[in-house]
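Please open the structure in your viewer and keep the selection tool at hand. The tour below goes from stop to stop, saying at each one what to select and what is there.

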Amino acid sequence: MSLMDTNRLNFDTPSALASALADRVAAELSVAIVERKQAVLAVSGGKTPELFFHYLAKADIDWKNILVTLVDERFVPVTDDRSNERLVRSSLLQNFASKARFYGLYNPSITAELAAFSAASRINGLPRPFDVIVLGMGTDGHTASFFPGGDRLKQAIDPESRALVLPIHARGLKEARLTLTLPVIVEARFIALHIEGQTKLDVFERALEDGPVEELPIRAVLKNTRHPVQVYWSPNEEEKQITDGTHSLFDTVSV
């Protein structure tokens, strides 16, 4: 695949984006089940995907044959408000999606390093390549837990890495992270990048330019994925409120 091969879909609102992304993910999972009898979905945490989870949970597909896991996780108990597993259980594994089987990354080990070892064992038990991975991206250009300056960033984004899950410590993080490594992500059959807001769009467009992957780690995915990354973008709610009733740059790129 050529470097930086992407397909960008732009939407007027986060709700329109979430609905369209849920429809596409549901379709990809359904095709996987027809072809391979089951499907594996890996999702990201944070605030951005919550509405997407809401829509996907209501998709009437064969959830009992879908395995759900996380792209990354904070090293915090599932009871913590910052837990990605908690978000997925409360927002995605509801309605029809309650029949899916979930495989988390967190476990109450003494250290994140031990937790990563245990998580790798669970990931190793899932069919690969994964059928669908939905990524997010921060304003610093990180995706998964590939943080600029992270202590194991080089290993995590190494296309030849044999690790499946790594612990990541980085300056500014409140806690350690657990993350799937680059090879696990880029081999997926379908990869979506879900971003909202002009700031993140600017970062993404900068990531498409030449530059070190350590500076904007999303580049590692864009440069190494086996299939074009499907980029789903909309203005965020604050931007939408500002532009409602007026003409803006968003008017020319909506679908």
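Is Leu178 buried or exposed? Select this residue in the model, which is a predicted one, and you will find that Leu178 is buried, with a relative accessible area of 0%.

**Stop 1: Leu178 and its sheet**

Leu178 belongs to strand β8, and if you leave out residues up to four places away in sequence, its contacts include Val71, Asp72, Glu73, Leu105, Tyr106, Ala112, Val165 and Pro167. For a sense of scale, add His54 to the selection: its C-alpha atom is separated from that of Leu178 by 24 Å, and the two residues are 124 apart along the chain.

Now widen the view to the open sheet around this strand, in which three strands follow the order β4-β8-β7 with antiparallel pairing. The edges are formed by β4 (72–74) and β7 (165–168), each of which pairs on one side only. On average, and with direction ignored, neighbouring strands of this sheet are turned by 20° against each other.

To look at one pairing in detail, select β4 together with β8 (residues 177–180), which run antiparallel and are joined by three bridges; here Asp72 stands opposite Thr179. Then add helix α4 (residues 112–124), which packs on the sheet and touches β7 and β8, its direction making about 160° with that of β7.

**Stop 2: the aromatic pairs**

The structure holds three aromatic pairs, and two of them are visited here. Select Phe11 and Tyr232, whose rings are stacked, with 5.9 Å from centre to centre and 5° between the planes. Phe11 lies in the loop between β1 (6–10) and α1 (14–36), while Tyr232 is in strand β10 (residues 229–234), so this pair ties together parts that are 221 residues apart in sequence. Both Phe11 and Tyr232 are buried.

Next, select Phe75 and Tyr106, whose ring centres are 5.7 Å apart and whose planes stand at 50°, so this pair is tilted. Phe75 is in the loop between β4 and α3 (84–91) and Tyr106 in the loop between β5 (101–103) and α4, so that distant parts of the chain, 31 residues apart, are linked by the pair. Tyr106 has a relative accessibility of 16% and therefore counts as buried, and this residue has already appeared among the contacts of Leu178.

**Stop 3: the nonpolar core and strand β6**

Which residues touch the most other members of the largest nonpolar core? They are Val25, Leu41, Leu56, Trp63, Val68, Leu92 and Ile185, in a core of 89 residues. Helix α1 gives the most to this core, with nine residues.

Select Leu41 from that list: leaving aside neighbours within four places in sequence, its contacts are Val25, Leu29, Leu56, Leu67, Val68, Thr69, Leu92, Val132 and Val134. Leu41 also stands opposite Val132 in β6, in a parallel pairing of β2 and β6 over two bridges.

Strand β6 is the next selection. In a regular strand the side chains alternate between the two faces of the sheet. Both faces of β6 are covered, with Val132 and Val134 on one side, Ile133 and Leu135 on the other, and all four buried. This strand also pairs with β9 (residues 190–196), in the parallel sense and over four bridges, and in β9 the bridge partner of Leu135 is Leu193.

**Stop 4: backbone details in the loops**

Move to the loop between α4 and β6 (132–135), where Pro129 is placed. The peptide bond joining Arg128 and Pro129 is cis, with omega about 5°.

Two further residues can be selected for their phi angles. Lys37, in the loop between α1 and β2 (39–43), has a phi near 75°, a positive value in a residue other than glycine, and at 62% relative accessibility Lys37 counts as exposed. Asn95, in the loop between α3 and β5, has a positive phi near 50° and is likewise a residue other than glycine, but at 48% relative accessibility Asn95 counts as partly exposed.

**Stop 5: the annotated span**

Finally, select residues 13–225, where UniProt, in an unreviewed entry, places the feature "domain: Glucosamine/galactosamine-6-phosphate isomerase". The end C-alpha atoms of this span lie 27 Å apart, and the span is 37% helix and 16% strand.

Note on methods
Residues are numbered from 1 along each chain as its sequence is written. This is a predicted model: local features need pLDDT of at least 70, side-chain atom pairs count only at pLDDT 80 or more; totals for chains, interfaces and linings use all residues. Side-chain values use heavy atoms; hydrogens and water are left out. Two strands pair if DSSP finds at least two bridges between them. Axes are lines fitted to C-alpha atoms, for helices over the stretch in contact, and angles run from 0 to 180 degrees between N-to-C directions. Contact means heavy atoms within 4.5 Å. UniProt positions are given in the numbering used here, feature names are shortened, and annotations may be inferred rather than shown by experiment. Rings of Phe, Tyr and Trp (its six-membered ring) pair if their centres lie within 6.5 Å; planes under 30 degrees apart count as stacked, over 60 as edge-to-face and the rest as tilted. Buried means under 20% relative accessible area, exposed over 50%, partly exposed in between (1.4 Å probe, protein chains only). A nonpolar core is a set of buried Ala, Val, Leu, Ile, Met, Phe, Trp, Tyr and Cys residues joined through side-chain atoms within 4.5 Å.
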